[in-house]
Amino acid sequence: MSEPAPTELLALQRAFLQTLHGEADLLQSCVQSGGLSAERRVQIYRNAYASRLVEALQALLPQTAAWLGAEAFEAGASAYVAEHPPTHWRLDAYGRDFGDWLVGQDPDWRPAADLARLEAALRRAFDGPDSAVVTAAALRALTPADWLQLAVSFVP
């Protein structure tokens with residue numbers, strides 16, 4: 001059996017992801033086997049994919065998950081995952097709008113939504129780009145006139 005060309009593999013991967021999101025139907029291309037039906041095998045992948053996304057949200061928003069409790073968080077996260085598939089290949093960017101989504105589901109969840117927004121903001125702050133470090137040598141090299149021109153700028 002020959003290897004698929006890179007463009008064919010990329011197209012197959014995209015179609016598979018679209019099938020997981022319910023946006024396409026790859027079932028006609030599935031190889032039939034003596035075991036589970038193609039529909040059942042795709043459903044297993046869909047469930048596993050959604051479960052991993054819920055787990056990712058729980059890892060990214062642990063305090064929000066604790067605030068809501070396991071059952072409520074899992075229900076909310078599952079509904080969020082069904083409506084919001086990831087748009088980036090890195091999962092650390094996933095769920096940044098979970099707080100906004102949460103309060104849109106139930107205004108009584110505003111405290112948990114605020115906590116989710118705070119957790120997402122802290123994650124972005126810690127994952128922000130590095131800035132140049134001020135060294136002791138650089139400070140010693142400054143002249144008195146340089147000190148008058150210095151300004152504080154915050155790290156992103």
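Before you click on anything, one yardstick: a residue is buried at under 20% relative accessible area, exposed at over 50%, and partly exposed in between, using a 1.4 Å probe and protein chains only. By that rule D114, at 39% relative accessibility, counts as partly exposed. We'll come back to D114 later.

This is a predicted model, so local features need pLDDT of at least 70 and side-chain atom pairs count only at pLDDT 80 or more, while totals for chains, interfaces and linings use all residues. Residues are numbered from 1 along each chain as its sequence is written, and side-chain values use heavy atoms, with hydrogens and water left out.

**Stop 1: the whole chain**

Start with a cartoon view. You should see eight helices and zero strands, running α-α-α-α-α-α-α-α from the N terminus. Helices here are DSSP runs of H or I with at least four residues, strands are E runs of at least two, and numbering starts from the N terminus.

Switch to a surface. The accessible area of the protein is about 11,200 Å², and 59% of that belongs to carbon and sulfur atoms. Such areas come from the Shrake-Rupley method with a 1.4 Å probe, and for residues only the protein chains shown count as cover. Of the 156 residues, 22% count as buried. Among contacts with a separation of 6 or more, 51% come from residues 24 or more positions apart; a contact means heavy atoms within 4.5 Å.

**Stop 2: helix α2**

Select residues 38-60, which make up helix α2. Try a ruler on the end C-alpha atoms: they are 33 Å apart, which agrees with the 33 Å that 23 residues should span at 1.5 Å a residue. The expected span is 1.5 Å times one less than the number of residues.

Which residues of α2 are buried? Colour A38, V42, L53, V54, A56, L57 and L60, and you have them.

Now show Y49, also in α2. Y49 is partly exposed, with a relative accessible area of 23%. Leaving aside neighbours within four places in sequence, Y49 is in contact with L17, L20, H21 and P86. The C-alpha atoms of Y49 and L20 are separated by 7.5 Å, although the two residues sit 29 residues apart along the chain.

Still in α2, show R52 and E55. They form a salt bridge, with the closest N and O atoms 3.0 Å apart. The term means a side-chain nitrogen of Lys or Arg within 4 Å of a carboxyl oxygen of Asp or Glu. E55 and R52 are three residues apart, or about one helical turn. An α-helix has 3.6 residues a turn, so residues three or four places apart point the same way. Both ends of this bridge are partly exposed, E55 at 43% relative accessibility and R52 at 46%.

**Stop 3: the aromatic cluster**

Select F73, Y80, Y94, F98 and W101, which form one aromatic cluster. A search of the whole structure finds five aromatic pairs. Rings of Phe, Tyr and Trp (its six-membered ring) pair if their centres lie within 6.5 Å; planes under 30 degrees apart count as stacked, over 60 as edge-to-face and the rest as tilted.

Zoom in on Y80 and F98. Their ring centres are 5.2 Å apart and their planes are at 85°, so this pair is edge-to-face. Y80 lies in helix α4 (residues 70-83) and F98 in helix α5 (residues 98-105), so the pair ties together parts that are 18 residues apart in sequence. Both Y80 and F98 are buried.

**Stop 4: a shared arginine**

The structure holds three salt bridges. What links D100, D114 and R117? Show their side chains and you'll find a network of salt bridges.

D100 meets R117 at 2.6 Å, N to O. That pair links distant parts of the chain, with D100 in helix α5 and R117 in helix α6 (residues 110-126), 17 residues apart. D114 also bridges to R117, with the closest N and O atoms 2.6 Å apart. D114 and R117 both lie in α6, three residues or about one turn apart. D100 is partly exposed at 46% relative accessibility, as is R117 at 27%.

**Stop 5: a greasy spot outside**

Finish by selecting V134, L139, W147 and L150. They form a nonpolar patch on the surface, with about 400 Å² of accessible area together. Patch residues have over 30% relative accessible area and no salt bridge; like charges are joined within 9 Å, and nonpolar side chains (Val, Leu, Ile, Met, Phe, Trp, Tyr) within 5 Å. V134 lies in the loop between α6 and α7 (136-140), and at 60% relative accessibility V134 counts as exposed.
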